[in-house]
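Colleague: I should like to go through this model step by step, from its packing to its charged pairs. May I put some questions to you?

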Amino acid sequence: MKHLYNIFIFHLELAFKTLSLFNDKIKRGLEGRKKSLEIVKANISKTDKTIWMHAASLGEYEQGLPVLEKLKEKYPKHKVLVTFFSPSGYENVVKKNKEDILCYLPFDKKSTISEFVKAVNPEIFFTVKYDFWYHLLDELKKQNAKIYVISALFYDKQVYFKPQGRWFVNELKKNVDWIFHQNEKSLSLALKVGLSKGSVSGDTRFDRVKQIKNRDNFVEYISEFKGNNQLIVFGSSWEAEERIAKILSEKLKNFKIIIAPHDLKRVQNLKQIFPKAILYSELKSIYQLPNTNILIIDSIGLLSKLYSYADIAIVGGGFHDKGLHNILEAATFGIPVIFGNQYKKNPEADELIAQNGGKSFAKEELASDFVLELTQNSNLLKEMSQNAEDFVHNQPNSSEIILKKILE
């Protein structure tokens, strides 16, 4: 199976090289990987001790950040390395994180990874959720690094629970020191295949969104745009959520709507759908605010702050199989969260619905109808808002639990 894995990695790299000819994002990631070893060697010496966090993308980075911050407080003299697999993670974080060493994780080829891990000289390594690589884990153990998985989320259909994945399970048994699971179901699945070194610590995303709520969430012009009206924020919207926005904009004349698309390439399409809308980049001063009910966000990094102004949030990704985006960033501000019903990898969605702080719908029209109901029923709006806030803020401090175990 290891031979087949090496063939898979070879074809993965080959696919990236081929796709980079047509996809600029993949090309940037490929070019970035060529610099990873150089970045590490320039910033980490043989005498340094390193804390290393690996995150597949931006969501996993945000998920792992509370643990990383606590480890940095505990070990202030250690170097800190953060690696990414996806350009969407690296490019977003590198713009605002000037303290840590940031680079792409090289492709998981034995010789490449061996040289990279030796250059890092890691004392503590943790990966977030389930981004595992065979040679990486093997080389980390050879370097006597402590290896952890935080906010792990195992589910039935993963390869680890199929015959062809058992060899990799054995590698996890051999190399990983401890797995911190999000919930009991994940732990139970791990135990069934012999991954006994683990415990339930909760989801560190709750810690992160609690931090988000308590920071300064001011966004220029938004208070003036909202005025005395109620505001619906569409976060990480796709076409389905934009169709809901169109329906609501025609029926809720006294509401304000903010649309933050998942992909900024959608901005021009949104201008065609909402010809009277204004782009956030066009707001030069509060004295030039136009008479419009719709604001389109054409920059990144604002969404989690925009939720602090909202009365209702509609989060994208749940009306197709691409995956639901982060609903906790909205729920932490105590607002009802509405989304599609395709979220099999998001157990927090079921929990939020059970607490009556959110609702999911199979069809866009049903979601629109429910939002209209919310806007006309102040008691229901208030009840769901409080439930959403309670749901987030009653969760355990997962990063504290994890840190305590790591320091044993």
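Modeller: Let us begin with a term: a contact means that heavy atoms lie within 4.5 Å. Please keep in mind that this is a predicted model.

Colleague: Leaving aside neighbours within four places in sequence, with which residues is W52 in contact?

Modeller: W52 is one of the residues with the most contacts inside the largest nonpolar core, which has 44 residues. Neighbours within four places in sequence are left aside in this list. The contacts of W52 are then L81, T83, L105, F116, V117, V120, P122, I124, F125, F126, L136 and L140.

Colleague: Which element supplies the largest share of this core?

Modeller: In soluble globular proteins, nonpolar side chains tend to be buried together. Several elements each supply at least two residues of the core, including α1 (2-19), β3 (101-104), α6 (110-120), α7 (134-142) and α8 (166-175). The largest share is five residues, and it comes from α6.

Colleague: How many residues does the other core have?

Modeller: This other core lies apart from the one just described. Among its residues are L302, F333, V337 and V392. Its number of residues is 39.

Colleague: Is helix α7 largely enclosed or largely open, and how many of its residues are buried?

Modeller: A residue counts as buried when its relative accessible area is under 20%. In α7, this holds for Y134, H135, L136, L137, D138, E139 and L140. The cover over them includes α1, β1 (50-55), α6, β4 (122-128), β5 and α8. The helix is therefore largely enclosed by the rest of the structure, the buried residues being seven of the nine.

Colleague: Which residue just after α7 takes a positive phi?

Modeller: The place to look is just after the end of the helix. The phi there is about 65 degrees, and the residue is N144.

Colleague: What is the strand order of the open sheet of seven strands?

Modeller: Strands of a sheet pair through backbone hydrogen bonds, either parallel or antiparallel. In this sheet the pairing is parallel. The edge strands, each pairing on one side only, are β10 (278-279) and β14 (358-361). The full order is β10-β11-β9-β8-β12-β13-β14.

Colleague: What is the bridge partner of I232 in β12?

Modeller: Strand β8 (residues 231-237) and strand β12 (residues 312-315) run parallel and are joined by four bridges. For I232, the partner in β12 is I312.

Colleague: At about what angle to β8 does helix α12 run?

Modeller: Helix α12 (residues 239-251) lies across β8, β9 (256-261), β11 (294-296) and β12. Its angle to β8 is about 160 degrees.

Colleague: How far apart in sequence are the parts that the salt bridge of R28 and E91 ties together?

Modeller: Side chains of opposite charge can pair when their charged atoms come close. The closest N and O atoms of R28 and E91 are 2.4 Å apart. R28 is partly exposed at a relative accessible area of 34%, and E91 is partly exposed at 23%. Since R28 lies in helix α2 and E91 in helix α5 (residues 87-94), the separation of the parts they tie together is 63 residues.

Colleague: Are E242 and R266, which meet in a salt bridge, buried or exposed?

Modeller: The N to O distance of this pair is 2.5 Å. E242 lies in helix α12 and R266 in the loop between β9 and α13 (267-273), so the pair ties together parts 24 residues apart in sequence. The relative accessibility of E242 is 2% and that of R266 is 17%. With under 20% as the limit for a buried residue, E242 counts as buried, and R266 likewise counts as buried.

Colleague: How many salt bridges does a search of the whole structure find?

Modeller: One network of salt bridges links K2, K110, D138, E139, K142, E171 and K174. Another salt bridge joins K146 and D177, with the closest N and O atoms 3.8 Å apart. For the whole structure, the search finds 29.

Colleague: What is the radius of gyration of the protein chain?

Modeller: The chain has 19 helices and 14 strands. The globule rule gives 22 Å for 408 residues, and the chain's value is close to it, so the chain is as compact as a globular protein of that length. The radius of gyration of the chain is 22 Å.

Methods:
Residues numbered from 1 in each chain as written. Predicted model: local features only at pLDDT ≥ 70, side-chain atom pairs only at ≥ 80, totals over all residues. Heavy atoms only, no water. Pairing = 2+ DSSP bridges. Axes fitted to C-alpha atoms, helices over the stretch in contact; angles between N-to-C directions. Core = buried A, V, L, I, M, F, W, Y, C linked by side-chain atoms within 4.5 Å. Buried < 20%, exposed > 50% of the residue type's maximum accessible area, 1.4 Å probe, protein only. Salt bridge = Lys/Arg side-chain N within 4 Å of Asp/Glu carboxyl O. Rg over C-alpha atoms; globule rule 2.2 N^0.38 Å.
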